Amino acid sequence: MKEILPDGGVVRKLWIGETAQYRNHLLRLDPQSRRNRFSGGVSDEVRPLGARFPREAEAAISVEKPWQSHGVGSALLRRTLLAARNRGFRLLHMACLADNRRMQQLARKFDAELSFDFESVVGEVESSRPTPLSLMREVMSDSHGFATAMLDLQSRMLRA
C-alpha cells in the first residue's frame with residue numbers, strides 16, 4: 001500500500017547503526033509531544049509482553065510537530081501493525097495519556113478498543129494471522145526502506 005506523506009517523508013525501519021537519528025528525533029519533539037510520548041509509560045517499539053512465546057505486544061509512536069496531521073502517525077501505526085501481525089502477535093497494546101486525543105483518534109482509526117483508566121487510556125487492536133501476502137508486504141516495505149536509507153547515506157556522504 002502506497003503511503004502518502006509530505007515531500008521527503010519516508011516510513012521505514014531504523015537500522016542498528018541509526019540510534020543517533022532516533023535519539024535526535026526524540027530530542028526534536030516539542031514539549032507537548034514529548035509529554036504525550038513519555039508520560040504514558042510505554043516502550044519505544046513493538047516488544048513482547050509477558051510469556052516466553054507472547055501473543056501480545058506493546059507499541060509506541062512519536063511524530064514531530066511539523067509532520068503531525070499529515071498521515072505520518074497512520075503510516076507508522078499501519079507499519080507497526082503489519083510487523084506485529086507477521087511476528088504472530090495477536091493483540092497490540094497502545095497506551096497514552098487521557099488527554100492525548102490525537103493518539104486516541106489514531107487508535108480508533110485502526111479499530112482499537114479503548115479503555116479509560118484514571119489518567120491513561122489503553123487501546124487494543126486485534127491482529128489477523130500472518131499470510132504470504134502480509135509477509136511479502138513487509139519484505140517489500142523493508143526493501144524499499146533499505147534502498148532509501150542507502151541513498152540517504154550516500155547523499156549525506158557526498159555533501160560532507
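Leaving aside neighbours within four places in sequence, Leu 81 is in contact (heavy atoms within 4.5 Å) with Leu 92, Phe 110 and Val 125. The structure is a predicted model, in which local features need pLDDT of at least 70, side-chain atom pairs count only at pLDDT 80 or more, and totals for chains, interfaces and linings use all residues. Residues are numbered from 1 along each chain as its sequence is written, and side-chain values use heavy atoms, with hydrogens and water left out.

**Surroundings of Leu 81**

- Leu 81 is a residue of helix H3; helices (H or I, at least four residues) and strands (E, at least two) are DSSP runs, numbered from the N terminus.
- Leu 81 counts as buried, at 17% relative accessibility; buried means under 20% relative accessible area, exposed over 50%, and partly exposed in between (1.4 Å probe, protein chains only).
- Between Leu 81 and Ser 127 the C-alpha to C-alpha distance is 7.5 Å, with their positions 46 residues apart in sequence.

**Confidence**

- The chain has a mean pLDDT of 85, and 86% of its residues reach 70 or more; pLDDT is the predictor's confidence in each residue, from 0 to 100.
- Among the elements of the chain, the highest mean pLDDT (93) belongs to helix H4 (residues 101-109) and the lowest (60) to strand S1 (residues 47-48).
- Over residues 40-44 pLDDT stays under 50, and for this stretch the model has 15 contacts beyond four places in sequence.
- Where pLDDT is low, the predicted coordinates should not be read in detail.

**Overall make-up**

- Five helices and five strands are present in the chain.
- Their order along the sequence is α-α-β-β-α-β-α-β-β-α.
- The chain has 160 residues, of which 38% count as buried.
- Of the contacts between residues at least 6 apart in sequence, 62% join residues at least 24 apart.
- About 10,500 Å² of the chain is exposed, and carbon and sulfur atoms supply 58% of that area; accessible areas come from the Shrake-Rupley method with a 1.4 Å probe, and for residues only the protein chains shown count as cover.

**Helix H2**

- Ser 33, Asn 36 and Arg 37 are the buried residues of helix H2 (residues 31-38).
- Seen down the axis of H2, these buried residues fall within an arc of 100°, so they line one face of the helix; the arc is that of the directions from the helix axis to the C-beta atoms.
- The packing partners of the buried H2 residues are helix H1 (19-28) and strand S3 (91-97).

**Salt bridges**

- Seven salt bridges are found in a search of the whole structure; a salt bridge is a side-chain nitrogen of Lys or Arg within 4 Å of a carboxyl oxygen of Asp or Glu.
- One of them joins Glu 138 to Lys 13, with the closest N and O atoms 2.6 Å apart.
- This pair links distant parts of the chain, since Glu 138 is in helix H5 (residues 132-159) and Lys 13 in the segment before H1, 125 residues apart.
- Glu 138 counts as buried at 8% relative accessibility, whereas Lys 13 is partly exposed with a relative accessible area of 29%.
- Glu 138 also meets Arg 87 in a salt bridge (2.8 Å, N to O).
- Here too the pair links distant parts of the chain: Arg 87 is in the loop between helix H3 (72-86) and S3, and Glu 138 in helix H5, 51 residues apart.
- Arg 87 is partly exposed, at a relative accessible area of 46%.
- A network of salt bridges links Lys 13, Arg 87, Glu 138 and Asp 142.
- Asp 99 and Arg 35 form a salt bridge through their side chains (3.3 Å, N to O).
- Asp 99 sits in the loop between S3 and H4 and Arg 35 in helix H2, so that pair links distant parts of the chain, 64 residues apart.- Asp 99 is partly exposed, with a relative accessible area of 44%, and Arg 35 counts as partly exposed at 36% relative accessibility.

**Aromatic pair**

- One aromatic pair is found in a search of the whole structure; rings of Phe, Tyr and Trp (its six-membered ring) pair if their centres lie within 6.5 Å, and planes under 30 degrees apart count as stacked, over 60 as edge-to-face and the rest as tilted.
- The ring centres of Trp 15 and Phe 146 are 5.6 Å apart and their planes are at 85°, so the pair is edge-to-face.
- Trp 15 lies in the segment before H1 and Phe 146 in helix H5, so the pair ties together parts that are 131 residues apart in sequence.
- Trp 15 counts as partly exposed at 37% relative accessibility, and Phe 146 counts as partly exposed at 41%.
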